[in-house]
Amino acid sequence: MHYGRLVLWLVVRPIDSIVKLIMMKKENCQITKNSEIEAKFPCQDLDLLLSKIEAAGGEWVLNNSYERNILFDHADESLRRDGSTLRLRQEGMTCLLTWKHAQKKENGISYREEIETGITDFDQMQLVLERLGFQPSFIYEKYRTEFRLGACEIMLDRTPIGCFVEVEGTDEAAIRRIAEQFNLDWEHRSSKSYQQLFREWSAENAGNARDMLFESFQPLC
């Protein structure tokens with residue numbers, strides 16, 4: 001067996017088992033500690049918000065860090081239709097493989113199960129996923145600045161379709177406190193993913209383009 005194929009075979013066998021495990025529906029999954037509770041807010045002035053968070057004692061985590069994200073799915077988009085997401089992310093020298101499954105959306109808040117692990121090689125992991133039968137379904141870019149404040153994480157995102165703030169907390173009340181503290185418009189909060197937001201925006205502005213890339217669209221913020 002060719003050496004490269006042998007390595008891929010050795011890598012794929014355990015990963016195939018892992019992917020099958022994490023693709024299980026929520027009702028069959030025993031992992032409960034990995035959760036994500038968050039909401040998105042549109043924002044017209046990220047710089048002003050950044051200064052307010054910093055003045056409030058927010059702890060810097062990321063500073064305008066470029067991200068490239070690829071969502072993978074089957075040809076029939078069965079993962080998306082099931083409320084699941086399989087994402088490969090590159091952020092500087094950091095690469096992450098993430099699986100999410102929607103638990104519920106309530107009052108504009110998204111509740112998801114999230115399983116995430118670091119990997120060492122973005123391109124090789126993409127190749128593994130494609131060998132397992134997945135294909136890229138959505139590619140999106142953004143620049144992210146992130147803070148920790150109390151029990152919450154606040155992410156400031158510059159994307160090709162506008163600026164957004166993601167607030168992740170322990171519950172809806174914690175997210176609402178952050179929204180009120182920094183004058184985020186609670187009435188315009190959203191539980192939608194960037195894929196959902198882009199599809200809606202693209203249908204109106206870009207002829208149903210598939211990917212959210214800076215080279216394709218002039219940044220709106």
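**Meeting the pockets and helix H5**

Trainee: Which residues lie nearest the centre of the largest pocket?
Mentor: Its lining is made of 39 residues. A pocket here is an open set of 1 Å grid points that fit a 1.4 Å probe, with protein on both sides within 12 Å along at least five of seven lines, and lining residues have an atom within 4 Å of a point. Nearest the centre are Glu36, Arg87, Lys100, Arg112 and Glu114.

This is a predicted model, where local features need pLDDT of at least 70 and side-chain atom pairs pLDDT 80 or more, while totals for chains, interfaces and linings use all residues. Residues are numbered from 1 along each chain as its sequence is written, and side-chain values use heavy atoms, leaving out hydrogens and water.

Trainee: How many residues lining the largest pocket are charged?
Mentor: Charged covers Asp, Glu, Lys and Arg. The lining also has 11 nonpolar and 7 polar residues. The charged count is 21.

Trainee: Why are the buried residues of H5 on the same side?
Mentor: Helix H5 (a DSSP run of H or I, at least four residues) spans residues 172-181. Ala174, Ile175, Ile178 and Ala179 are buried there (under 20% relative accessible area, 1.4 Å probe, protein chains only). They sit on the same side because, by the directions from the axis to the C-beta atoms, they cover an arc of only 140°.

Trainee: Which residues are exposed on the other side of H5?
Mentor: Exposed means over 50% relative accessible area. Across from the buried residues, those exposed are Arg177 and Glu180.

Trainee: What phi does Asn183 take?
Mentor: Asn183 comes just after H5. Its phi is positive, at about 55°.

Note on methods
Helices (H or I, at least four residues) and strands (E, at least two) are DSSP runs, numbered from the N terminus.
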